[in-house]
Amino acid sequence: MQQALTLKQAAEVLGYSYSTIWLKRKTLGFQLPGSREWRIWPSTLEQFQPSSTLIPLSLRVMEKV
């Protein structure tokens, strides 16, 4: 049985910033009933195909150096 991840956890797994995942939250995840919290199933992350405009956080950090 899989446990749904928070947006922050999903961002860490994918290597993207939290804000990038937050922008994709409606595509990737679901909102918990009666709250403002979002969750994403790990199996959904496995299927995530980032668009060519999304740059992984690790690459953005390296460019600033």
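**Notebook: a charge over a ring, and what lies around it**

I started with a side chain that caught my eye: the charged end of R25 sits over the ring of W22, with 3.8 Å between that end and the ring centre. Note to self: this is a predicted model.

**Entry 1: R25**

I looked up where R25 belongs, and it is in helix α3, residues 25-28. Buried or exposed, I wondered about R25? R25 comes out at 14% relative accessibility, so it counts as buried; the cut-off for buried is under 20%. Next I asked what R25 touches once residues up to four places away in sequence are set aside. I found L7 and W38. R25 and W38 are 13 residues apart in sequence, and their C-alpha atoms are 7.3 Å apart in space.

I also ran a search for aromatic pairs over the whole structure, and it gave one.

**Entry 2: the overall layout**

Time to step back. I counted five helices and three strands in the protein. Reading from the N terminus, I get the order β-α-α-α-β-β-α-α. The protein has 65 residues, and 26% of them count as buried. I also checked contacts with a separation of 6 or more: residues 24 or more positions apart account for 56% of them.

**Entry 3: the sheet**

How are the three strands arranged? They form an open sheet in the order β1-β3-β2, with antiparallel pairing. The edge strands are β1 (5-6) and β2 (30-31), and each of them pairs on one side only. A reminder from class: strands of a sheet pair through backbone hydrogen bonds, either parallel or antiparallel. Between β2 and β3 I found two bridges. Looking across from β2, I noted that Q31 stands opposite W38 in β3. W38 is also one of the residues R25 touches.

**Entry 4: the core**

Which residues make up the largest nonpolar core? I listed 11: L5, L7, A10, A11, Y16, I21, L28, W38, I40, L45 and F48. Helix α1 (7-14) and strand β3 (38-40) each supply at least two of these residues. The largest share comes from α1, with three residues. I wrote the general rule beside this: in soluble globular proteins, nonpolar side chains tend to be buried together.

I followed one core member, L7, to see its partners. Leaving out neighbours within four places in sequence, L7 is in contact with Y18, I21, W22, R25, W38 and I40. So both partners from my opening note, R25 and W22, turn up in the contacts of L7.

**Entry 5: the two sides of α1**

Which residues of α1 are buried? I got L7, A10 and A11. Looking down the axis of α1, I see its buried residues within an arc of 100°, so they line one face of the helix. The face turned away from that buried side carries the exposed residues K8, E12 and V13. I then looked for what covers the buried residues of α1, and the cover includes β1, α2 (18-23), α3, β3 and α4 (42-47). Just after α1, G15 takes a positive phi of about 80°.

**Entry 6: V13 and L45**

V13 is in helix α1, and at 56% relative accessibility it counts as exposed. Still, V13 touches L5 and L45, not counting residues up to four places away in sequence. I also compared positions of V13 and E46: they are 33 residues apart in sequence, with 10.0 Å from C-alpha to C-alpha.

From there I went to L45, which is in helix α4. L45 is buried, with a relative accessible area of 8%. Which residues does L45 contact beyond its neighbours within four places in sequence? They are L5, A10, V13, L14 and I40. L28 is 17 residues from L45 along the chain, and their C-alpha atoms are separated by 7.5 Å.

**Entry 7: W41**

Last stop: W41, in the loop between β3 and α4. W41 has a relative accessible area of 36%, so it is partly exposed. Leaving aside neighbours within four places in sequence, I found W41 in contact with Q2, Q3, A4 and F30. W41 and Q3 are 38 residues apart along the chain, yet their C-alpha atoms are separated by 6.9 Å.

Notes. Residues numbered from 1 in each chain as written. Predicted model: local features only at pLDDT ≥ 70, side-chain atom pairs only at ≥ 80, totals over all residues. Heavy atoms only, no water. Phe/Tyr/Trp six-rings, centres within 6.5 Å; stacked < 30°, edge-to-face > 60°. Lys NZ or Arg CZ within 6 Å of the ring centre and 35° of its normal. Core = buried A, V, L, I, M, F, W, Y, C linked by side-chain atoms within 4.5 Å. Buried < 20%, exposed > 50% of the residue type's maximum accessible area, 1.4 Å probe, protein only. Helix = DSSP H or I, 4+ residues; strand = E, 2+ residues; numbered from the N terminus. Contact = heavy atoms within 4.5 Å. Pairing = 2+ DSSP bridges. Arc of directions from axis to C-beta.
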